[in-house]
Amino acid sequence: MSLLSSEWTALLYLLAAVCFILALKGLSSPKTARRGNAIGAAGALVAVVTVFLSARLENIPLILAAIAVGSAIAVPVARRVQMTQMPQLVALFNGVGGGAAALVAVLELGHSGDPWVRLAVVFTMLVGAVSFAGSAVTVAKLQELISARPLLFPGMPWVMGAVILGAVVSGVLVVLTGAVGWSLALLGLGLAAGLLLVLPVGGADVPIVISLLNAFTGLAVAASGVVLGNVLLLVAGTLVGASGTILTKVMASAMGRGVAGIMFGAFKGGSTAGSTAVSDRPVRSSSPEDVAVQLGYAQRVVIVPGYGLAVAQGQHTVAELATALADRGVDVVFAIHPVAGRMPGHMNVLLAEADVPYESLRELAEVNPEFANTDIVLVVGANDVVNPAAKSSPGSPIYGMPILEVVQAQQVVFLKRSMRPGFAGIENELLHDPKTTLLFGDAKDSLARVLGAVKAL
Amino acid sequence: MGPVALLTVVVLAVFVGFEVVSKVTSKLHTPLMSGANAIHGIILVGAIIVAGQAGDPWVLGIALLAVVLATVNLVGGFVVTDRMLEMFSGHRQTRKPAQPGGAQPGAGPAGGSAAGESADRAGPGGAHPRKGTSGGVTGEAR
């Protein structure tokens, strides 16, 4: 069916592209974010309807069935996923998008006579495959199907070099000959490159990788726009590629590191490796009742949430505790490190779910000067983001990362599951500091017991 | 479109992309990443074109796989972003009238020819009912 003229088609694609720009624009401010997302979805709907009405398509019932299958998979998963698993899901969606772009490019190879178009095909296949395989590894790491530690084997840089060389050679051959055989080799090498790229990245850096692969998929989609001669794909892909690149850089600088250092740091002698060793140095542990007394009679409390809170699903309990303390006249705020959790902004999502008011969230730069006149810092399931090693030991993998300087406060209470080091695998000196006490146990349990004790004061 | 026109479009889109996210607060990094992620799901348009022109059953099979994957990216991306943002704006007032978008997932997988499009709308559809309730009031205030 070709109900729309090419002019109308182009205009509707333009409309969709504008919707995507407005979506990204809206998403960068809390006030307009939700509307922005809705505008983006509307743009996508316009684009999909347009392609059905404008292109001469066969197999329409099958295509609609495939869309129905995709939606039937995606919607329930997206609706039901727990907040802790959000990073995995975003990585997964990103990966399948990259995979789709690579498949589209493979299939278009036969139709592209022009070497320049074939170059775009090669780019799409390679980047799409890297994104697919890289995202798969990311999901596996976050889901703890494989170790979150950097995985390296001897000679890995050589293997990586060989894969890249092979990819370049087969890419050139595809551009020159358009042979499908070489394109399959290219696809395989792209998948291998994706694996090798993400396996050596330490768990704490995974958020950056998700964002980077997101930008990659955007670029693959942009290139597929060249392949198909479709301006909408070109614009939308470029937008995501560009904004994803900026976002990746912003996040990396929030961790005080360069993107290249994160991606290839492990090659330079296991820099993000850290240790799994459990320290046997003495620590002071405490009881929920003692912590409740400390908190209940404090003037100013800062709560530092981390991934442990997300794992324990303790966000509602910590919100209740904050309310109970505020009712006693304690000044309570939450200090949010930009990379706390497994995804930048993870803690904001989590606390928003628990209806913690926006006004009581403090960003790193705002809260750091305030620690000096804070009575107690309650660290709930966070570790690396408060680790003074980031400032004091140049050899540490997290050296240079801006941290929440909780050591400035009068007292620090850690709620921890065990003495195991954090995701980055680095021991935390702060745990052995004389002003620190520890309350062991699941974060939600501990919080509930502290909450009960605070209410009984 | 000629190569120069395409290049023009790309260069301008790069600048727009840089511009729109350059001043974003870290509080919104996650939804922004997830929203951008949904946008590249528009590769669905490409997958539909390829599937629609497929003659060979193998090609058709692979193209339909691409359609499924792209739909998962596009629809899932918008729905999950909306869910995150719902929490951001879903502050007290009347304590959430139990998942306003909850009807949509049922509508999506219902099958049949219109299913795809109704599921596509699940993102924005899930957003609107709340506009009139608490989201509009407290959400805007912040």
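The exercises below concern a predicted model and go from its sheet to its core and the contacts between its chains.

Residues are numbered from 1 along each chain as its sequence is written, and chains are lettered from A and ligands numbered from 1 in the order in which they are written. Local features need pLDDT of at least 70, side-chain atom pairs count only at pLDDT 80 or more, totals for chains, interfaces and linings use all residues, and side-chain values use heavy atoms, with hydrogens and water left out.

**Exercise 1. The sheet of chain A**

Work out the strand order of the open sheet in chain A and find which strands stand at its edges.

Solution.
- Step 1. Strands are DSSP runs of E with at least two residues and helices are runs of H or I with at least four, numbered from the N terminus. Two strands pair if DSSP finds at least two bridges between them.
- Step 2. Strand 1 of chain A is joined to strand 2 of chain A by 4 bridges, in parallel; one bridge links Val302(A) with Val333(A).
- Step 3. Strand 2 of chain A is paired in parallel with strand 3 of chain A over 3 bridges, and Ile336(A) has Glu363(A) as its bridge partner there.
- Step 4. On its other pairing, strand 1 of chain A runs parallel to strand 4 of chain A over 5 bridges, with Val304(A) bridged to Val379(A).
- Step 5. Strand 4 (residues 376–380) and strand 5 (residues 411–416) of chain A are also parallel, over 5 bridges. In this pair Ile376(A) is bridged to Gln411(A) and Val380(A) to Leu415(A).
- Step 6. The order of the 6 strands is 3-2-1-4-5-6, with parallel pairing. Strand 3 (361–363) and strand 6 (436–440) of chain A are the edges; each has a single partner strand, so one side of each lacks a neighbour in the sheet. Direction ignored, neighbouring strands are turned by 25 degrees against each other on average.

**Exercise 2. Strand 4 and its surroundings**

Determine how many residues of strand 4 of chain A are buried and which way they point.

Solution.
- Step 1. Buried means under 20% relative accessible area, exposed over 50%, and partly exposed in between (1.4 Å probe, protein chains only).
- Step 2. By this rule 5 of the 5 residues of strand 4 of chain A are buried. In strand 2 of chain A, 5 of the 6 residues are buried.
- Step 3. In a regular strand the side chains alternate between the two faces of the sheet.
- Step 4. Ile376(A), Leu378(A) and Val380(A) point one way from strand 4 of chain A, and Val377(A) and Val379(A) point the other way.
- Step 5. Helix 13 (residues 315–327) of chain A lies across strand 1 (300–305), strand 2 (331–336) and strand 4 of chain A, at about 150 degrees to strand 2 of chain A. Axes are lines fitted to C-alpha atoms, for helices over the stretch in contact, and angles run from 0 to 180 degrees between N-to-C directions.

**Exercise 3. The largest nonpolar core**

Identify the residues that touch the most other members of the largest nonpolar core, and the element that gives the most to this core.

Solution.
- Step 1. A nonpolar core is a set of buried Ala, Val, Leu, Ile, Met, Phe, Trp, Tyr and Cys residues joined through side-chain atoms within 4.5 Å.
- Step 2. The largest one has 167 residues, and Phe52(A), Val304(A), Leu378(A) and Ile42(B) touch the most other members. Helix 4 (residues 57–89) of chain B gives the most to this core, with 17 residues.
- Step 3. Contact means heavy atoms within 4.5 Å. Beyond four places in sequence, the contacts of Val304(A) include Ala335(A), Leu378(A), Val386(A) and Leu404(A).

**Exercise 4. Chain B and two buried residues**

Describe the secondary structure of chain B, then place Ala36(B) and Asn37(A) and list their contacts.

Solution.
- Step 1. Chain B has 8 helices and 0 strands. Of its 142 residues, 58% count as buried.
- Step 2. Ala36(B) belongs to helix 2 (residues 29–39) of chain B and is buried, at 4% relative accessibility.
- Step 3. Not counting residues up to four places away in sequence, Ala36(B) touches Leu24(A), Asn214(A), Val240(A) and Ser243(A).
- Step 4. Asn37(A) lies in helix 2 (residues 33–54) of chain A and is buried, with a relative accessible area of 1%.
- Step 5. Leaving aside neighbours within four places in sequence, Asn37(A) contacts Phe78(B), Thr81(B), Asp82(B) and Leu85(B).
- Step 6. Thr81(B) also relates to Ala36(B): their C-alpha atoms are separated by 9.5 Å, at 45 residues apart along the chain.
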